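Please take a moment to look over the sequence and the structure before reading on. The paragraphs that follow begin at a single residue and then widen the view to the whole chain.

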Amino acid sequence: MMASVSRDREGHVEDEEQHSGHLGRRLSLRTAQVDLTLHHYGVAGASARVVLVLDASASMAGLYRRGAVADLVERVAAVAARLDAEGGMRAWTFASNPARLPDVDLAALPEWLRLHVRVGQFRLFGRPRRPRRGLLPGQTDMRAVGIQNEEHKAIAAIRAYVRDNPAPAPTLVLFFSDGGIHRDREIEAELRASVEEPVFWQFVGLGHSDYGVLTRLNTLPGRPLDNAAFFPLDDITRTSDAELYDRLLCAFPTWLTAANRAGILD
């Protein structure tokens with residue numbers, strides 16, 4: 001029987017065992033970098049339930065096709081490896097509608113990336129009544145996800161999950177969107193409503209596009225504490241791991257302190 005093969009970032013063929021070994025080494029090095037970042041911000045002992053949210057709107061198609069989204073998920077996995085007691089991530093994708101994805105198992109990350117890092121699909125009349133042919137077990141029918149940007153629906157779905165699944169650690173949401181924001185009022189309403197929930201929302205922009213209300217999250221008034229932050233990272237493929245983790249985690253420690261003082265965290 002022939003060994004299964006995959007390709008590394010330079011396009012060279014490597015067998016499955018070699019690929020898994022390379023990924024394991026990258027994850028170990030990146031987890032160490034996350035640890036250094038947490039030490040830098042004085043929260044070396046921090047833990048969190050990590051939630052990954054991936055924009056699957058049509059404008060993201062190029063990033064998916066070029067492998068940039070899969071690469072980003074692999075890099076973000078190190079944050080969960082360091083912070084999450086279960087060593088994985090809860091995951092959602094969204095476009096016109098949100099969809100819960102299977103949890104990210106770091107030990108089976110290549111397979112998760114292959115099955116679940118997918119762009120949305122257009123359907124002319126409503127949601128599909130039948131599963132699309134060719135779907136593999138556990139895969140989301142992306143016709144139900146659609147192609148538009150409706151971030152507020154994903155935020156609401158994650159808030160409901162956190163309410164229904166309390167955890168001893170706070171929840172850190174890493175929310176990636178390529179912009180085209182047009183639901184400013186709804187997004188702001190969801191984030192204001194979640195201000196006393198044990199959730200910090202870190203939004204990241206990927207698409208050189210209109211980020212709308214996200215650009216005002218850092219200074220959004222009228223909240224007892226800042227529970228959300230945003231930064232654009234439009235050249236993700238050229239951003240070093242050290243810079244990525246610094247920007248992903250720099251606002252989280254401040255929120256942890258404020259949330260503890262406010263009695264939001266146990």
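**From one residue to the whole protein**

In this predicted model, L172 touches A48, R49, V50, V51, V79, L83, F200, L249 and F252, when residues up to four places away in sequence are not counted. Apart from those contacts, L172 has a place in a wider group, for it is one of the residues that touch the most other members of the largest nonpolar core, a set of 59 residues in which L52, V79, L83, W112, F176 and L248 are also named for this. Helix α3, which covers residues 68-83, gives the most to this core, with ten residues. Another core lies apart from it and has 24 residues, among them I155, F175, I187 and W201. In soluble globular proteins, nonpolar side chains tend to be buried together.

How many helices and strands does the secondary structure of the protein come to? There are eight helices and eight strands, and of the 266 residues in the protein, 50% are buried. Among contacts between residues at least 6 apart in sequence, 75% join residues that are at least 24 apart. The accessible surface comes to about 13,100 Å², and 51% of that surface belongs to carbon and sulfur atoms.

It remains to ask how far the model can be trusted. The mean pLDDT of the protein is 89, and 89% of its residues reach 70 or more, whereas over residues 1-14 the pLDDT is below 50, although this stretch has 19 contacts in the model beyond near neighbours in sequence. Where pLDDT is low, the predicted coordinates should not be read in detail.

Conventions
Residues are numbered from 1 along each chain as its sequence is written. This is a predicted model: local features need pLDDT of at least 70, side-chain atom pairs count only at pLDDT 80 or more; totals for chains, interfaces and linings use all residues. Side-chain values use heavy atoms; hydrogens and water are left out. pLDDT is the predictor's confidence in each residue, from 0 to 100. Contact means heavy atoms within 4.5 Å. Helices (H or I, at least four residues) and strands (E, at least two) are DSSP runs, numbered from the N terminus. Buried means under 20% relative accessible area, exposed over 50%, partly exposed in between (1.4 Å probe, protein chains only). Accessible areas come from the Shrake-Rupley method with a 1.4 Å probe; for residues, only the protein chains shown count as cover. A nonpolar core is a set of buried Ala, Val, Leu, Ile, Met, Phe, Trp, Tyr and Cys residues joined through side-chain atoms within 4.5 Å.
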